[in-house]
Amino acid sequence: MGGVDYFWNIAVKIADNLAKIHKINIIHKDINPNNIIFNPETNRLSIIDFGISTVLTRETTSLKNPEFLEGTLAYISPEQTGRMNRSLDYRTDFYSLGATFYELLLGQVPFDTEDAMELVHAHIAKPPVPPCEINPEIPVALSDLVMKLLAKNAEDRYQSAYGIKADLEICWEQWQKSGTIAAFSLGSRDISDKFQIPQKLYGREREVTLLLEAFARAVSPESPGAEMMLVAGYSGIGKSALVQEIYKPITGSRGYFIAGKFDQLQRNIPYSALIKAFQELVRQILTENAADIAGWRSQLQGALGQQGQLIVDVIPELELILGPQPEVPELPPVEAQNRWNLLFQKFIKVFAQPAHPLALFLDDLQWADSASLTVMQLLMTETEPGLFVIGAYRENEVSPAHPLMLTVDAIASTGARVNRISLTPLELPHVNQLIADTLSCSVAATLPLAELVRVKTQGNPFFLTEFLKSLHAEKLIDFDGERGQWQWDLEAIAARNFTDNVVDLMAGKIQKLPVQTQELLQLAACIDHKFELHTLAAVSAKSLRSVVADLHPAVAEGLVFPLGEEYRFLELEAASTSEYLPELQPGATGLTVVCQFAHDRIQQAAYSLMPSQRQQAVHWQVGQMLLQNTPSHQLEQKIFTIVEQLNSGSALITTQEERHRLAQLNLMAGQKAAAAAAYQPAFNYLKAGIDLLPADSWQVQYQLTLKLHQLACEAAYLITDFEQMEQFAAGVMERATSVLDRVKVYEVKIQAYTGQNQFQEAISTGLEVLKLLGVTLPAKPSKLDILRGLAATKLALAGKKTEDLIHLPPMTDPYKQAAMGILSGLHSVAYLGCPELYPLIVFKQVILSLSGQTAASTSVYTAYGVILCGIVGDIDGGYRFGELGIRLLDRPESFSFKSKTIFTKILLLHIGKNISGKS
């Protein structure tokens, strides 16, 4: 009983202090016993340590390792963990206050565990044991008060510190009079004058259940493989909010949730959302302890082997875990794509396991590039249990023939489990409940207002909340302090000519901000959905401090929000001084500060307020600034972002020098995209580069023009745009100054004809270019031609030991090198379309290899060995040439022919076994 007696005075004083802090719009974020100082002699109590406090009305906590969360983990609110699909506001302090009261009464915290992840999961998912059940001497009313503070959802807690204080005083008064507390209605005087729209989901119970059931299946060890959930609906319908309900179960299963968003303004960047998602995963892993990071490094090295650089090229942050990686040999396009697909599968499997599942959320799939859709299909058709892929898209922006829908159909046809949720607008009862909860009224009182609001917003959750905020901003919904309740003017709302377009509504809201804030939002909209304040400061020609101060009205309105804690230092510096606010930490302005638009409709609205020519100018300015501030060794890493910005502003280029430079950058972007098997973006970059060239580029910029046309021709073939392929090929054939410069195009045409089963056209093309290179082969070989070819080959090999051929020097003659490449490209098509030509090709390559070996020589020797075994009957000679090819594979340059060489050697052994009857 003594503990309860001591509790009252302290508790009331804490509530009173907290009310004063909240009154000046400060959220403490770290209420706990260590930050409460009480002097029993003077009866004075102070709340201290505002080091992580914020003056924002609402703040978003990102997902991170629990060890690095702001606040004291035993007292932290569910939303402050970053795993509750909720941003935090002043009510986060009430949860921490509840945990503090819990300890003051019982001498223990609500959840007692040293495991950080277990503690986080308890905060977001487990109810604490009520104090009165642990100590029956604690009055039930007081226990209920503490439990109300500890509610998981902020809407279910007290809504004001004054309400807490009022109920504490009622309890204290009864306790002093009788030593007991009679039951009473908690929160009767808890009316907040802060306009807070609840963040909980309304009318989505069924959809949440479907989502969680699908996740449970995906991570089950008995699951046949990965599972996909597609969430469709109009913009603002609540797709992302629904998906983030996965936070709780993913935390409980010790898994990872990562998310990436495709951007309408950056649709040409390959794998953009995947890159963002896995960058986030790498950042989460890097916050783990050294032993865990070493474990991840070991698993990744085992999965990726010597080819880790391929993944690092796409996700550069991965190098922080893996360390520097060796260079990876180049492969022909088809083989390169197969290698990339296989490697990415192995990469995903490291993280996606039932013991630590991975939930991958890809938002705005209607803007996804073809390479990303290919990866998504790959993941769903090959990955084992432990992976849950969630995709969201605007169903009104896709048709059955849209690439996304075609990809989904292809995934479903493989038998992979594909679930679908289609979100519809909120019905009137749900709209009414949301408004009633916002205004602390009965649903009967708010029904007329709800009917009007639903008609105006069509039940779109984002539009609805923004519409309500606009009504409050214009005082059409306002708090009556004298009556202690919210009121609204229904007639004035009905008469007011509000737009029924959400983008127009947001544009109008932006236009009510200070002019300098509007300008910053427009600039930020040109940069990206997420933007660094340093970039925004450079583009706007302002100091970082000025940018923070000018952007603050937009942050306060919830139009943009900062990511991470770095923003707070700058925010406090720009804010008015207060006895509660700490001094700015030295060196804080050197931090990287990132902000994000709260919704892409807000970015769209800000972007729409800028004239088209001004948009182009800003894109060009941003691109130039990024280019100038990117070290040469990092240029390739950031090339897509830079080129996207510059291309968007390329119409304003005034000099040929600038056009030439941008064409070169597009070439670099095209090469990088092609290396990552993202052929559609690669083609787009290369074509953009060609479009920048002057009419006489073949004369004044020959090498650049040639390279762009060669690669564009190849990329067009790889995306099966054969008309464009022929167009670019014709340009090279007509303008190239040497046969060597045309060889690449000939190779592409041979591959294209082969892919279309036009074998004769492929062979004719190959023989045509071989003749130009000094190698002549008959179009219709006879048996005599084959015998002559065999005799010529044996004559060339006369006096040479097979095992000594490994010491031959590399081939240096460019014409012979080109001929070897063309001949290798004809292997399969000759075998299928003109079998008599196949041995002649092999004979010619063996003879060419004697003057110097190439990577192709490895498979050529084994192919010659097959001919010796299967046709000539020379088993020993065939075996020796097979061994020669295998031994040459040790050379790095032979990597691209490894599989072909090994396969041919297996074939050779099989033939030899059948002929000799020996193993």
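The exercises below, each with a worked solution, concern a predicted model.

**Exercise 1. Work out the strand order of the five-stranded sheet, and explain why S4 and S7 each have one side without a neighbour.**

Begin with the order, which reads S4-S5-S6-S3-S7 in an open sheet of 5 strands with parallel pairing. Next, look at the two ends of that order: strand S4 (256–261) and strand S7 (417–422) stand at the edges, and because each has a single partner strand, one side of each is left without a neighbour in the sheet. From one strand to the next, the twist averages 15°.

Then take one edge in detail, where S4 pairs with strand S5 (residues 358–363) in the parallel sense over 6 bridges; within this pairing, Ala259 has Phe361 of S5 as its bridge partner. Finally, add the helices: helix H10 (residues 272–286) lies across S4 and S5 and runs at about 145° to S4, while helix H16 (residues 403–413) packs on the sheet by touching strand S3 (227–232), strand S6 (387–393) and S7, with its direction at about 135° to that of S7.

**Exercise 2. Describe the hairpin formed by S8 and S9, including its turn.**

First establish the pairing, which joins strand S8 (residues 477–480) to strand S9 (residues 485–488) in the antiparallel sense over 4 bridges. One residue pair can serve as a check, since Gln487 in S9 is the bridge partner of Asp478. The turn comes last: 4 residues lie between the two strands, and Gly484 in the turn has a positive phi of about 65°.

**Exercise 3. Determine which strands stand at the edges of the sheet S10-S12-S11, and which helix packs on this sheet.**

The order S10-S12-S11 belongs to an open sheet of 3 strands with antiparallel pairing. Strand S10 (530–532) and strand S11 (560–563) therefore each have a single partner strand and stand at the edges, so one side of each is left without a neighbour in the sheet. Here the twist averages 30° from one strand to the next.

Now follow the pairing of S10 with strand S12 (residues 594–597), which is antiparallel over 3 bridges and sets Lys530 opposite Gln596 in S12. The packing helix is H24 (residues 544–556), which touches S10, S11 and S12 and whose direction makes about 110° with that of S11.

**Exercise 4. Locate the salt bridge of Arg86 and find which cavity Arg86 lines.**

Start from the partner: the side chains of Arg86 and Glu245 meet in a salt bridge at 3.5 Å, N to O. Placing both residues on the chain shows that the pair links distant parts, 159 residues apart, with Glu245 in the loop between helix H8 (239–243) and helix H9 (247–252), and Arg86 in the loop between strand S2 (44–47) and helix H2 (92–106). In the whole structure, the search finds 28 salt bridges.

Arg86 also lines the second largest cavity, together with residues including Glu79, Asp89, Lys152 and Gln199. This cavity holds about 60 Å³ of space, and its lining divides into 3 nonpolar, 3 polar and 6 charged residues.

**Exercise 5. Characterise the second largest pocket by its volume and its lining.**

The volume is about 510 Å³. Of the 20 residues in the lining, Asn65, Met117, Arg254, Glu288 and Asp292 lie nearest the centre. The elements giving two or more residues to this lining are helix H3 (116–125) and helix H11 (290–304). Sorted by character, the lining has 7 nonpolar, 6 polar and 7 charged residues.

Definitions and conventions
Residues numbered from 1 in each chain as written. Predicted model: local features only at pLDDT ≥ 70, side-chain atom pairs only at ≥ 80, totals over all residues. Heavy atoms only, no water. Pairing = 2+ DSSP bridges. Axes fitted to C-alpha atoms, helices over the stretch in contact; angles between N-to-C directions. Contact = heavy atoms within 4.5 Å. 1 Å grid on protein atoms, 1.4 Å probe; cavity = no way out; pocket = protein on both sides within 12 Å on 5 of 7 lines; lining within 4 Å. Points joined across faces, edges and corners; volume = space filled by probe spheres on them. Nonpolar A, V, L, I, M, F, W, Y, C, P; charged D, E, K, R; others polar. Salt bridge = Lys/Arg side-chain N within 4 Å of Asp/Glu carboxyl O.
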